[in-house]
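Subject: Structure handover

Hello,

Here is the structure for you to look through. My notes on what turned up follow below it.

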Amino acid sequence: MWAHLAVELVVCAWILLMLAADLLVPVARKSSLWMIALVGIAMGAACLLLQPQPGASHLLFGMWTADPFARFFKTLFLLTAAVVIIMTRSFGASRHLGAFYLLLLTALLGMLTLSSMNDLLLLFLGLELLTFSLYIMAAYLKTDPRAVEAGMKYLILGSVSSGFLVYGVALLYG
């Protein structure tokens, strides 16, 4: 069972490691945080490659599924996160990229959860984990008024849509 959850557990551990690294690395060396984030993505990809390839298995009381469809999307999400990390490495320490990489890994964890969900509760948890990170990333440039406006609009729209989702799930189960 734990082998099928290894990618998510590695990304979760790497989120904690990125948090510690962002706090402990001196300001002069903050520009190298992209390497730590990229190593975390590589470790997640290695865990994905080493996973047993089931036909379709359900874990955690049927809430979690491990099938080729989920494996494909996990691969896609890991590659996309690696490309984003490589593209943003040139911004340097002036933009506080440690927090950005932390948010990116948190959004990645939400996407990985969404790719393996087999239950509406896990759908809601994965979607909220993804969108909370994206709300903050939309308003990441605090000095740009357009970024702050985009973040606020995204937060309002996301809150309303989450309310509708929870209401729909309640109607479905009720």
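Contact here means heavy atoms within 4.5 Å. Please keep in mind that this is a predicted model. With that cut-off, the buried residues of H1 pack against H2, strand S2 (64-66), H3 and H4. Those buried residues are Ala6, Val7, Glu8, Val10, Val11, Trp14, Ile15, Met18 and Ala21. The length of H1 also checks out. Its 19 residues should span 27 Å at 1.5 Å a residue, and the end C-alpha atoms are 26 Å apart, which agrees.

The core

The largest nonpolar core has 29 residues. Which of them touch the most other members? They are Met18, Ile41, Ile85, Tyr101, Leu105 and Leu108. Four helices each supply at least two residues of this core: H1 (6-24), H2 (33-50), H3 (68-88) and H4 (97-115). H4 gives the most, with 10 residues. As a general point, nonpolar side chains in soluble globular proteins tend to be buried together.

Met18 is worth a look on screen. Leaving aside neighbours within four places in sequence, Met18 is in contact with Leu33, Ile36 and Ala37. Met18 is also in contact with Gly98, Tyr101, Leu102 and Leu105. Two of these partners, Tyr101 and Leu105, are listed with Met18 among the core residues that touch the most other members.

Helix H4

Is H4 mostly enclosed or mostly open? Of its 19 residues, 16 are buried, so H4 is largely enclosed by the rest of the structure. The 19 residues of H4 should span 27 Å at 1.5 Å a residue. The end C-alpha atoms of H4 are 26 Å apart, which agrees.

The H5 and H6 pair

Helix H5 covers residues 120-138 and helix H6 covers residues 145-173. They pack at an angle of about 170 degrees, with their axes 9 Å apart. Angles over 145 degrees count as roughly antiparallel, and H5 and H6 are therefore roughly antiparallel to each other.

From H5, the residues that meet H6 include Leu120, Phe124, Leu127, Thr131 and Ala138. On the H6 side, Ala147, Gly151, Tyr154, Ser162 and Val169 are among them. By class, the contact has 15 nonpolar, five polar and one charged residues.

The buried residues of H6 are Ala147, Gly151, Gly158, Ser162 and Val169. They pack against H5. The 29 residues of H6 should span 42 Å at 1.5 Å a residue, and the end C-alpha atoms of H6 are 42 Å apart, which agrees.

Two residues of H5

Ser133 is found in helix H5. Is Ser133 buried or exposed? The cut-off for buried is under 20% relative accessible area. Ser133 has 2% relative accessibility, so Ser133 counts as buried. Not counting residues up to four places away in sequence, Ser133 touches Leu103, Thr106 and Ala107. Ser133 and Thr106 are 27 residues apart in sequence, but 6.4 Å apart in space, C-alpha to C-alpha.

Met137 lies in H5 too. At 18% relative accessibility, Met137 counts as buried. With residues up to four places away in sequence left out, Met137 touches Phe100, Leu103 and Leu104. Leu103 is therefore on the contact lists of both Ser133 and Met137, contact being heavy atoms within 4.5 Å. The C-alpha atoms of Met137 and Met111 are separated by 15 Å, with the two residues 26 apart along the chain.

Best wishes

Methods:
Residues are numbered from 1 along each chain as its sequence is written. This is a predicted model: local features need pLDDT of at least 70, side-chain atom pairs count only at pLDDT 80 or more; totals for chains, interfaces and linings use all residues. Side-chain values use heavy atoms; hydrogens and water are left out. A nonpolar core is a set of buried Ala, Val, Leu, Ile, Met, Phe, Trp, Tyr and Cys residues joined through side-chain atoms within 4.5 Å. Buried means under 20% relative accessible area, exposed over 50%, partly exposed in between (1.4 Å probe, protein chains only). The expected span of a helix is 1.5 Å times one less than its number of residues. Axes are lines fitted to C-alpha atoms, for helices over the stretch in contact, and angles run from 0 to 180 degrees between N-to-C directions. Angles under 35 degrees count as roughly parallel, over 145 as roughly antiparallel, 65 to 115 as roughly perpendicular and the rest as oblique. Ala, Val, Leu, Ile, Met, Phe, Trp, Tyr, Cys and Pro count as nonpolar, Asp, Glu, Lys and Arg as charged, and the others, Gly among them, as polar.
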